[in-house]
Amino acid sequence: MNFAYPLTGIVTLLTLIVYFRMALKVGQVRTKHNVPAPAMSGPDEFMRALRVHENTMEGLLLFLPSLWLFALTTHDLWAAIVGIFYPIGRLLYARGYYEAANKRSHGFTVGILSTVILLLGALIALSVIAFQTYA
């Protein structure tokens, strides 16, 4: 089987594994603090776990399309090199946020920089392609 984007696929799956782990963490903390579903508020530990999960979900809406558009318009390897910093950033973000809300910024910065580079790179590449195609 030949697939042109294996590294981007691996980064995608690693990112989804990180996201899934965050979802499990919300369930664990919900159980630990006896926060009944569908409640979305509770002790600080629960709220931090919930926010990590929700913020990561929000970030995925920008990251995943940017990652794949970058890969499709530039190169699988470069997309994976830039993209791997998103799940790394989210892990750092989660580790900091689980400890205290004010310790999340370093991880956030790593993840958002990865997303912005992929987003702008894909936009530039698509613009060049469109110009070459329609000019």
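These are legends for a set of close-up views of one predicted model.

**View 1. The whole chain, a predicted all-in-one look before zooming in.** There are five helices and zero strands here, so to speak a run of α-α-α-α-α from the N terminus on. The C-alpha trace spans about 60 × 35 × 25 Å along its principal axes. Of the 135 residues in the chain, 38% are buried. If you take the contacts with a separation of 6 or more, 67% of them involve residues 24 or more positions apart.

**View 2. H2 against H5.** Here's the first helix pair to look at. Two packed helices are described by the angle between their axes and the distance between the axes. For H2 and H5, that angle is about 45° and the axes are 8 Å apart. An angle like this makes the two helices oblique to each other, and H2 passes H5 in a left-handed crossing. On the H2 side, the contact is made by Leu62, Phe63, Ser66, Leu67, Leu69, Phe70 and Thr73. H5 brings Ser114, Thr115, Ile117, Leu118, Leu119, Gly121, Ala122, Ala125, Leu126 and Ile129. Sort the residues of this contact by class and you get 12 nonpolar, five polar and no charged.

**View 3. Two residues from the H2–H5 contact, Thr73 and Gly121.** Thr73 sits in helix H2. With a relative accessible area of 18%, Thr73 is under the 20% cut-off and therefore counts as buried. Look past its neighbours within four places in sequence, and Thr73 is in contact with Ala122, Ala125, Leu126 and Ile129, residues that also belong to the H5 side of the contact. Gly121 is in helix H5 and is buried too, with a relative accessible area of 17%. For a sense of scale, pick Val18, which is 103 residues from Gly121 along the chain. The C-alpha atoms of Val18 and Gly121 are separated by 24 Å.

**View 4. H4 and what covers it.** Helix H4 takes in residues 85-99, 15 residues in total. From its first C-alpha to its last it reaches 21 Å, close to the 21 Å expected at 1.5 Å a residue. The buried residues of H4 are Tyr86, Pro87, Gly89, Arg90, Tyr93, Ala94, Gly96 and Tyr97. Arg90 is worth finding in this list, as it turns up again in the next view. The cover over the buried residues of H4 includes helix H1 (6-32), helix H2 (44-73), helix H3 (76-83) and helix H5 (105-134).

**View 5. H4 against H5.** The axes of H4 and H5 come within 7 Å and cross at roughly 160°. That angle makes H4 roughly antiparallel to H5. H4 passes H5 in a left-handed crossing. From H4, the residues in the contact are Phe85, Tyr86, Gly89, Arg90, Leu92 and Tyr93. They meet His106, Gly107, Phe108, Val110, Gly111, Ser114 and Thr115 of H5. By class, this contact holds six nonpolar, six polar and one charged residues. Ser114 and Thr115 are worth a second look, being listed in the contact of H5 with H4 and in the contact of H5 with H2.

**View 6. Helix H3 and its buried residues.** In H3, the buried residues are Asp76, Ala79, Ala80, Val82 and Gly83. These residues pack against H1, H2, H4 and H5. Ala80 also gives a handy link to the next view: its C-alpha is 37 Å from that of Ala39, and the two are 41 residues apart in sequence.

**View 7. The loop between H1 and H2, with Asn34, Pro38 and Ala39.** Most residues other than glycine have a negative phi, and most peptide bonds are trans. Asn34 has a positive phi of about 55° although it is not a glycine. Asn34 is exposed, with a relative accessible area of 69%. Further along the loop, a cis peptide bond joins Ala37 and Pro38, with omega at about 10°. Then comes Ala39, which counts as partly exposed at 25% relative accessibility. Not counting residues up to four places away in sequence, Ala39 touches Arg30 and Phe46.

Notes: Residues are numbered from 1 along each chain as its sequence is written. This is a predicted model: local features need pLDDT of at least 70, side-chain atom pairs count only at pLDDT 80 or more; totals for chains, interfaces and linings use all residues. Side-chain values use heavy atoms; hydrogens and water are left out. Helices (H or I, at least four residues) and strands (E, at least two) are DSSP runs, numbered from the N terminus. The expected span of a helix is 1.5 Å times one less than its number of residues. Buried means under 20% relative accessible area, exposed over 50%, partly exposed in between (1.4 Å probe, protein chains only). Contact means heavy atoms within 4.5 Å. Axes are lines fitted to C-alpha atoms, for helices over the stretch in contact, and angles run from 0 to 180 degrees between N-to-C directions. Angles under 35 degrees count as roughly parallel, over 145 as roughly antiparallel, 65 to 115 as roughly perpendicular and the rest as oblique. A crossing is left-handed if the near helix is turned anticlockwise from the far one by less than a right angle, and right-handed if clockwise. Ala, Val, Leu, Ile, Met, Phe, Trp, Tyr, Cys and Pro count as nonpolar, Asp, Glu, Lys and Arg as charged, and the others, Gly among them, as polar.
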